[in-house]
Amino acid sequence: MLHHGMRKMEVCTVPPIPRSLSIVLPLPDDRGYAERAVSSWLQQPEPLELIVVGNGSKPGLEDRIRRMLRPGDRLVVENGASEAEMYDRGTRLASAELLLLTESHCIAAPHAASAVVRFFAESGA
């Protein structure tokens, strides 16, 4: 509460909206949707870091994904890694305030990243 002259003014502070979100997307079990899934995250208007993790089992797919990525996004290949190990590797590389784990057969809705960021900003979680 601030005092301004004789009046009291309530000051409401709103938590800052996180400006960054890291998405970790392992490639196994892509069901033929990996490129669409990656593209759906790349088209988000919210600034985000996309970390795609492969295990070397699909080198052609990994090469196509690598060509899709923007500066700042990453494709990491951990030969022979299990899905849990790929999530772990991606999580350790993430640099944003928020982290979202997804799967390579899940297509993100438009503005999905913004909805995640907004949820955490509004909930204070």
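This note walks through a predicted model of a protein, point by point.

1. **The overall plan.** Let us begin with the whole chain. The protein has 4 helices and 6 strands. Following the sequence from start to end, you meet them in the order β-β-β-α-β-α-β-α-β-α. Try tracing that pattern in the structure above before you go on to the details.

2. **Inside and outside.** The protein has 125 residues, and 39% of them count as buried. Its accessible surface is about 7700 Å². Carbon and sulfur atoms account for 54% of that surface.

3. **Contacts across the sequence.** How much of the contact network joins residues at least 24 apart? Taking contacts between residues at least 6 apart in sequence, the share is 72%. Some of the points below give individual examples of residues that meet across the chain.

4. **Helix α1 and its neighbours.** Helix α1 covers residues 34–42, and its buried residues are Ala-34, Ala-37, Val-38, Ser-40, Trp-41 and Leu-42. What do these buried residues pack against? Their partners include two strands, β3 (21–26) and β4 (49–54), along with helix α2 (59–68). Strand β6 (98–101) and helix α4 (112–123) are also among the elements they pack against.

5. **How α1 meets α2.** The axes of these two helices come within 10 Å and cross at roughly 15 degrees. Angles under 35 degrees count as roughly parallel, so α1 is roughly parallel to α2. From the α1 side, the contact is made by Ala-34, Glu-35, Val-38, Ser-39 and Leu-42. From the α2 side, Leu-61, Arg-64, Ile-65 and Met-68 take part. The crossing of α1 past α2 is right-handed. Ala-34, Val-38 and Leu-42 are worth picking out here, as they are also among the buried residues of α1.

6. **Leu-100 in strand β6.** Leu-100 sits in strand β6. Is it buried or exposed? Its relative accessibility is 18%, and the cut-off for buried is under 20%, so Leu-100 counts as buried. Leaving out residues up to four places away in sequence, Leu-100 touches Leu-21, Ser-22, Ile-23, Val-24, Trp-41 and Val-116. One of these, Trp-41, is a buried residue of helix α1. Ser-22 is a good example of a partner from elsewhere in the sequence: Leu-100 and Ser-22 are 78 residues apart along the chain, yet their C-alpha atoms are 6.2 Å apart in space.

7. **His-105 in a loop.** Now move on to the loop between β6 and α4, where you will find His-105. With a relative accessibility of 17%, His-105 counts as buried. Which polar partners does its side chain have? The side chain reaches the backbone oxygen of Asp-29 at 3.0 Å. A polar contact of 3.0 Å also joins the side chains of His-105 and Glu-103. Not counting residues up to four places away in sequence, His-105 touches Asp-29, Asp-30, Arg-31 and Tyr-33.

8. **Two positive phi angles.** One of the residues that His-105 touches is Arg-31, which lies in the loop between β3 and α1. Its phi is near 55 degrees, a positive value in a residue other than glycine. Arg-31 counts as exposed, at 55% relative accessibility. His-111 is not a glycine, and it too has a positive phi, of about 70 degrees. His-111 is in the loop between β6 and α4, and it is partly exposed, with a relative accessible area of 47%.

9. **Ser-114 in helix α4.** Ser-114 belongs to helix α4. Its relative accessible area is 14%, and this residue is buried. Setting aside residues up to four places away in sequence, Ser-114 touches Pro-45 and Glu-46.

10. **Gly-80, an exposed loop residue.** Finally, look at the loop between β5 (74–77) and α3 (83–93), which holds Gly-80. Gly-80 is exposed, with a relative accessible area of 67%. Which residues does Gly-80 touch, not counting residues up to four places away in sequence? They are Asn-55 and Glu-85. The C-alpha atoms of Gly-80 and Ser-57 are separated by 7.5 Å, while the two residues are 23 residues apart along the chain.

Technical notes: Residues numbered from 1 in each chain as written. Predicted model: local features only at pLDDT ≥ 70, side-chain atom pairs only at ≥ 80, totals over all residues. Heavy atoms only, no water. Buried < 20%, exposed > 50% of the residue type's maximum accessible area, 1.4 Å probe, protein only. Contact = heavy atoms within 4.5 Å. Polar contact = N/O pair within 3.5 Å; in protein donor to acceptor, adjacent residues only side chain to side chain. Areas by Shrake-Rupley, 256 points an atom, 1.4 Å probe, with all protein chains shown as cover. Axes fitted to C-alpha atoms, helices over the stretch in contact; angles between N-to-C directions. Parallel < 35°, antiparallel > 145°, perpendicular 65-115°, else oblique. Left-handed = near helix turned anticlockwise from the far one by under 90°.
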